[in-house]
Amino acid sequence: NSRRYYTTRLWIGTPPQRFALIVDTGSTVTYVPCATCEQCGRHQDPKFQPESSITYQSVKCNSDCNCDKSRVQCIYERQYAEMSSSRGVLGEDILSFGNQSELVPQRAVFGCENEETGDLYSQRADGIMGLGRGDLSVVDQLVEKGVISDSFSLCYGGMDIGVGAMVLGGISAPSDMFFTHSDPVRSPYYNIDLKEIHVAGKQLPLDPSIFDEKHGTVLDSGTTYAYLPEAAFVAFKNAIIKELDSLKQIRGPDPNYIDICFSTGSSNVSELSKIFPTVELVFGDQKKLLLSPENYLFRHSKVRGSYCLGIFQNEKDLTTLLGGIIVRNTLVTYDREHSKIGFWKTNCSEISERLHRTGGSSSSSGKDNSTVESPTTSAAGGSSRYALPGEIQIGEIRLDMSLSINNSYLKPRINELTDFIAIELEINASQVRLLNFTSEGNSSLVRWAIVPSESSTYISNVTAISIISLLAEHRVKFPVTFGNYKLVQWKVKPNSQQPWRQKHYSTVILSIIIVIIVGLSASAAWVIWRHRQRNINSYKPVHVAVPEQELQPLES
């Protein structure tokens, strides 16, 4: 079960230093690696350098914070369920969401890491943006300053299109968005009152109190999958397997996990609803959240056309934890002011594109793969430099890349490099195609093509800009064996897979013309024949010989 997540861009300091942070509603503090951190992993951006920012201030020890041993600075420490941790000092500086955001840069408190362990150490993202409830939360700090109303929204893209959106502050709720109560006192997290789960229209035989154990039912955007208490998981698993008794069960992609996977033969996500049952989450007010298959399945990374359950047993505790998979292609509004959470099923990649064009309050982007970069905040700026030729459906991104290694060294390792690029760009390996590579002295020039995934006919503009900017800004870190690289040039080609009517328009028109001509010809021939027939049977002069006609008997 590879960890997937959504990130947004955040700039800290003067001049701004850029970071990619995991959007996490289950965390209350925002933090990035500090330049002095020796126990921090290698992430996609350089560590934060406080001494390079003229607006940075450390937060001095006071009665409202935990202090270091010398009682000079405020510190923070966070432990996570998957045995990862982060600790460091608190600082204050100017935070910005980029030049496409309507949010004016604001001073805020954040964490400067001195140590990280577990997934936090090994992940590609730089750190965490905490959107939970608490004084250190970015949301709480912006609300306290009166910059935004006490609300924010997240919209995560689908199974293969990870681009999404984040809006800090209130929005005009769509008319068909439904809200359910979220008790701010129930736990430190964003709770919802889950009562029932239905599979294929049938309610699972569970006591509703099972979803209210420990922290209750929690929405956590920083968690990839969903986790149920044992009895609920067993009931859910059995119900799904019963509905899919005609499908072949196969082993999962990772031998370290006992995944429940099915072989379907179909790689098209839009076809999954014809194969897998619908699932409904029923809340205390009888409101229902419909889960399509992409909301409880993840794609098998090793067997084409196969999918695995993305809902697991919570072995750590009795909390029901609903991660990002549950709300794919769902706009979720965390209306903290009115203690309610809204859900609206929609295409999140389209919302992201719209925010990029209009500049909303905050948006973000990403890919649903091993490490997913996502929600765009209209706070995620910086992509305007990579202007595309209008709103087109992109069929191919062509990339010319220079590598500081010679051709003979690269040739036997080209497949390894292809796979690595797919991982770094957070797309499927089948989407990366090597067109050619040539030698230029001690360096190599490689041409790649990035094509749409198997389940899509085009690449969205936002995804294309994300891929181009990752390479152009050297945010893709190659292994040292491949030396340094430079994106020499890039080009996008429109999608050639037009709709059938457009693709065969001329053929259809020509066929119609031929049919008309043949029809007119046939009509003309019939008219001539009739005319001749009349001439044959018309009266003749007496002296003209008339062909003998056979008499037909009269009916008596």
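## Aromatic pairs and two buried loop residues

A search of the whole structure, a predicted model, finds 18 aromatic pairs. One of them joins Tyr31 and Tyr76. Their ring centres lie 5.5 Å apart and their planes meet at 20 degrees, so this pair is stacked. The cut-off for stacking is an angle under 30 degrees.

The two tyrosines come from distant parts of the chain. Tyr31 belongs to strand β3 (residues 31–33). Tyr76 belongs to strand β6 (residues 74–79). The separation in sequence is 45 residues. Tyr31 has a relative accessible area of 0% and is buried. Tyr76 is buried too, at 4% relative accessibility. Both values fall under the 20% limit for a buried residue.

A stacked pair is also formed by Phe283 and Phe343. Here the distance is 5.9 Å centre to centre, with 15 degrees between the planes. Phe283 sits in strand β20 (residues 279–283), and Phe343 sits in strand β27 (residues 340–345). These parts are 60 residues apart in sequence, so the pair ties them together. Phe283 and Phe343 are both buried.

Ring pairs also build a cluster. Its members are Phe19, Phe48, Tyr56 and Phe110.

Charged side chains meet rings as well. The table gives two cases.

| Charged residue | Ring | Distance to ring centre |
|---|---|---|
| Lys340 (charged end over the ring) | Phe179 | 4.3 Å |
| Arg413 (over the ring face) | Tyr409 | 3.8 Å |

Lys340 is also a residue of strand β27 (residues 340–345), the strand that holds Phe343.

Next come two loop residues. Where does Ser84 lie? Ser84 is in the loop between β6 and β7 (85–96). Strand β6 is the one that carries Tyr76. Is Ser84 buried or exposed? At 0% relative accessibility, Ser84 counts as buried. Beyond its neighbours within four places in sequence, Ser84 is in contact with Arg78 and Gln79. Its other contacts of this kind are Thr117, Gly118, Asp119 and Leu120.

Asn495 is in the loop between β32 (485–494) and α8 (500–503). Its relative accessible area is 14%, so Asn495 is buried. Which residues touch Asn495, leaving aside neighbours within four places in sequence? Asn495 is in contact with Gln393, Ile394 and Gly395, and also with Thr457 and Tyr458. Pro452 is 43 residues from Asn495 along the chain. The C-alpha atoms of Asn495 and Pro452 are separated by 9.3 Å.

Key: Residues are numbered from 1 along each chain as its sequence is written. This is a predicted model: local features need pLDDT of at least 70, side-chain atom pairs count only at pLDDT 80 or more; totals for chains, interfaces and linings use all residues. Side-chain values use heavy atoms; hydrogens and water are left out. Rings of Phe, Tyr and Trp (its six-membered ring) pair if their centres lie within 6.5 Å; planes under 30 degrees apart count as stacked, over 60 as edge-to-face and the rest as tilted. Helices (H or I, at least four residues) and strands (E, at least two) are DSSP runs, numbered from the N terminus. Buried means under 20% relative accessible area, exposed over 50%, partly exposed in between (1.4 Å probe, protein chains only). A charge sits over a ring if NZ of Lys or CZ of Arg is within 6 Å of the ring centre and within 35 degrees of the ring normal. Contact means heavy atoms within 4.5 Å.
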